[in-house]
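Here is a short report on the core, the voids and a few single residues of one protein model. Please keep the sequence and the coordinates at hand while reading.

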Amino acid sequence: MNLGKVFSTSFKKLISSVCPFGVKMVRYFQNPFEDYQPGAELMIMKDDINRQITDHVKSITKRLQPTRKNVDGGLYVGVTGVAFMFHYLSKNPLLSENKRQYLEKAMEYLKPALETSAGDKTSFLLGDAGTYALAAVLMKELGDEQYQDMLKMYKSLYNQFLNPKFLKCGGDEFFVGRAGYLAGALWCSRELHTPVFTNEEMYKICDVMVACGREYSIKHKSPCPLMYHYYNTEYLGAAHGISFILQILLSVPGYLDFNKSAAKDIKATVDFIASLQTDEGNWPCCMEEVGLSDHKLVHWCHGAPGTIYLMAKAYLVYQDQKYSDVCQKAGEVVWRKGLLRKGPGICHGVAGNGYVFLLLYRLTGAEKYLHRAKRFADFMCSDEFLRDARLPDNPESLYEGTSGTVCFLADLIVPDKAEFPFQDVFSTY
C-alpha cells in the first residue's frame with residue numbers, strides 16, 4: 001500500500017470537506033486554559049506523567065501486537081514506530097530503571113519488520129530504510145554486533161538517491177525521499193556516535209536535492225529558487241513539503257560552506273517560506289493555497305506546527321532574530337487552534353502540537369512555553385477530549401496514535417532534551 005499517495009489524496013479531500021448543511025468543520029477544541037502568568041509556579045507532576053506513560057504503554061502492547069500483519073506503514077503507522085517509542089523511553093534519564101526492559105520490548109516490536117518488508121525499501125518513514133536505521137541503533141545498544149549488518153543495509157540504498165528521477169511522485173521529501181534518508185543517516189550518526197556517511201557522500205545527495213529543486217522551480221516559474229512537488233502538489237509543510245527538505249539541507253554539517261551557490265538559494269527559499277506566514281501565524285498547506293484568506297490546518301504535517309522546525313533551524317544557523325520572531329508567532333496560532341479533534345498523535349494531533357511548545361521552550365527558555373506544553377498534555381486527559389476526539393486510523397502508532405503521545409509525555413519531564421522524532425534542530429551531528 002502506498003501510504004504516501006493515500007495520505008496525499010485524503011488530504012486533498014480533507015481541505016475541502018464540510019459538515020452537513022454546509023457548515024465548515026471545526027477542527028479543534030476551544031482552548032479552555034489560561035495562559036502563563038509571569039511569576040506563577042510551574043509544576044510538572046512527573047509521577048502523574050509516568051502513570052500516563054505506563055497506562056498508554058499497557059494499552060499499546062495489548063492492542064497492537066508485534067506481528068507481521070502490523071509491519072505495513074513502517075515508522076509512521078507500523079510496529080517499527082512502536083519499537084521507536086520503546087527505544088525513546090529507554091533513553092530518558094528519568095525512566096532509566098526500566099531501560100533494559102524498554103530495549104527488549106523495542107526489539108520484540110522490531111523483529112517482525114526485520115522478517116518482512118514494510119513497503120518500499122528506500123522509504124525512511126514508510127518503508128524498510130527506517131527499519132534498518134532503528135535496528136542498527138537498537139542492536140548496538142544491546143551489544144549485538146549484527147548492528148553492522150543493519151547499517152550496511154541502510155547504506156546499500158545510497159546510490160538510488162543519486163538518481164535524479166528515482167521517484168516520479170517526488171523524490172525529495174521526508175516520507176519516501178532524500179530528505180528522509182538523510183534525516184535517518186543524521187539520526188543514526190548521532191545515536192551510534194559514528195558517521196554513517198562521509199560529509200562528501202551526504203553532500204552528493206544534497207546537491208541532487210538542490211538541482212531537483214532548481215529544475216522544478218524554473219520549469220514551473222516558482223517565485224523562489226527551489227521548489228518541490230509530491231504527487232504534483234507543491235506542499236509547504238513538514239510531511240511531504242519543502243520545509244522539511246530545507247531543514248535537512250541546513251542540518252547536514254558543512255554543506256552551506258561546501259556549496260555556496262546552493263547556500264544562496266537555500267537562504268532565499270527559507271526567506272520566501274517565512275514570508276508566507278499568515279497574520280495569525282499559520283502557513284498555507286501548499287502553493288495552490290497561497291493568497292487564500294483562511295488556512296485551517298494547524299498540524300505538524302501541514303501548517304505551523306511542522307514549518308516551525310525549519311524556522312527554528314534557520315534561527316540557529318543564521319542567528320537572525322526574525323526567524324525566532326516567526327517561530328514565536330507560529331506558537332500563538334498553535335496555542336489558539338492546536339487542540340485538535342483528530343486525536344492524540346504527533347502528525348495531526350494534540351501531542352504533535354504540544355511539541356511546538358517544547359521546541360519554543362528550548363529555543364527561548366521562556367517558561368510560558370513549558371506551561372503551554374503541560375496544558376496540552378493535560379487536555380488529552382480531559383473528559384472533553386476523551387469523549388469527543390476522533391479515533392485515529394492507527395490509534396497505537398507513532399505518528400497517528402499514542403506511541404507518539406508517549407514520546408511527547410516522556411519529553412515533558414525532561415524538556416531540555418525534548419525533540420520531535422527525527423527532527424532535532426539543536427543537534428550539530
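## Core

The largest nonpolar core holds 154 residues, of which Y154, F174, L249, I266, I273, W300 and Y399 touch the most other members. Helix 15 supplies the largest share of this core, with ten residues. The model is a predicted one. As a general background, nonpolar side chains in soluble globular proteins tend to be buried together.

F174 shows how one such member is placed. Leaving aside residues up to four places away in sequence, F174 touches F124, L125, A179, G180, A183, A238, A239, F244, W300, Y399 and F422. Two of these partners, W300 and Y399, are also among the core residues that touch the most other members.

## Cavities

The count of cavities of 30 Å³ or more comes to three. The table covers two of them, by volume and by lining class.

| Cavity | Volume | Nonpolar lining | Polar lining | Charged lining |
|---|---|---|---|---|
| Largest | about 70 Å³ | eight residues | one residue | three residues |
| Second largest | about 40 Å³ | five residues | three residues | one residue |

Which residues line the largest cavity? They are Y309, Y355, L358, L359, R362, A418, E419, F420, Q423, D424, V425 and F426. Helix 15, residues 350-364, gives the largest share of this lining, four residues. Helix 15 also gives the largest share of the nonpolar core.

The second largest cavity has A183, L186, Q247, I248, S251, F422, Q423, D424 and Y429 in its lining. Helix 8 (178-192) and helix 10 (242-251) are the elements that give two or more residues to it. The largest share, three residues, comes from helix 10. Q423 and D424 appear in the lining of the largest cavity and again in that of the second largest cavity. A183 and F422, which line the second largest cavity, are both contacts of F174.

## An open pocket

The second largest pocket encloses about 440 Å³ of space. Its lining comprises 20 residues, and H56, P344, F385, L386 and T402 lie nearest the centre. Helix 2 (46-63), helix 17 (383-388) and helix 18 (402-412) each give two or more residues to this lining. Helix 2 gives the most, with five residues. By class, the lining has eleven nonpolar, five polar and four charged residues.

E384 belongs to helix 17, one of the elements that line this pocket. E384 has a relative accessible area of 30%, so it is partly exposed. Beyond four places in sequence, E384 touches F29, F379 and A389. The contact with F29 spans 355 residues in sequence, with the C-alpha atoms 8.7 Å apart.

K99 is in helix 5, residues 99-115. K99 is partly exposed because its relative accessible area is 33%. S90 and E141 are its contacts beyond four places in sequence. K99 and L391 are 292 residues apart along the chain, and their C-alpha atoms are separated by 30 Å.

## Cysteines

How many disulfides does a search of the whole structure find? It finds zero. C206 is in no disulfide, and the nearest cysteine sulfur, that of C212, is 12 Å away. C206 has 0% relative accessibility and therefore counts as buried.

Why is C301 not bonded to C347? The sulfur of C301 is 3.7 Å from that of C347, its closest cysteine sulfur, and this is too far for a bond. The cut-off for a disulfide is within 2.5 Å. C301 has 2% relative accessibility, so C301 also counts as buried.

## Positive phi

Two residues other than glycine are worth a look for their backbone angle. N232 has a positive phi near 65°. N232 sits in the loop between helix 9 (199-219) and helix 10. With 66% relative accessibility, N232 counts as exposed.

F422 likewise has a positive phi, about 65°, although it is not a glycine. F422 lies in the segment after helix 18. Is F422 buried or exposed? F422 is buried, because its relative accessible area is 6%. F422 also helps to line the second largest cavity and touches F174.

Terms used: Residues are numbered from 1 along each chain as its sequence is written. This is a predicted model: local features need pLDDT of at least 70, side-chain atom pairs count only at pLDDT 80 or more; totals for chains, interfaces and linings use all residues. Side-chain values use heavy atoms; hydrogens and water are left out. Buried means under 20% relative accessible area, exposed over 50%, partly exposed in between (1.4 Å probe, protein chains only). On a 1 Å grid over the protein atoms alone, a cavity is a set of points where a 1.4 Å probe fits but cannot get out, and a pocket is an open set with protein on both sides within 12 Å along at least five of seven lines; lining residues have an atom within 4 Å of a point. Grid points are joined across faces, edges and corners, and a volume is the space filled by probe spheres set on the points. Ala, Val, Leu, Ile, Met, Phe, Trp, Tyr, Cys and Pro count as nonpolar, Asp, Glu, Lys and Arg as charged, and the others, Gly among them, as polar. A nonpolar core is a set of buried Ala, Val, Leu, Ile, Met, Phe, Trp, Tyr and Cys residues joined through side-chain atoms within 4.5 Å. Contact means heavy atoms within 4.5 Å.
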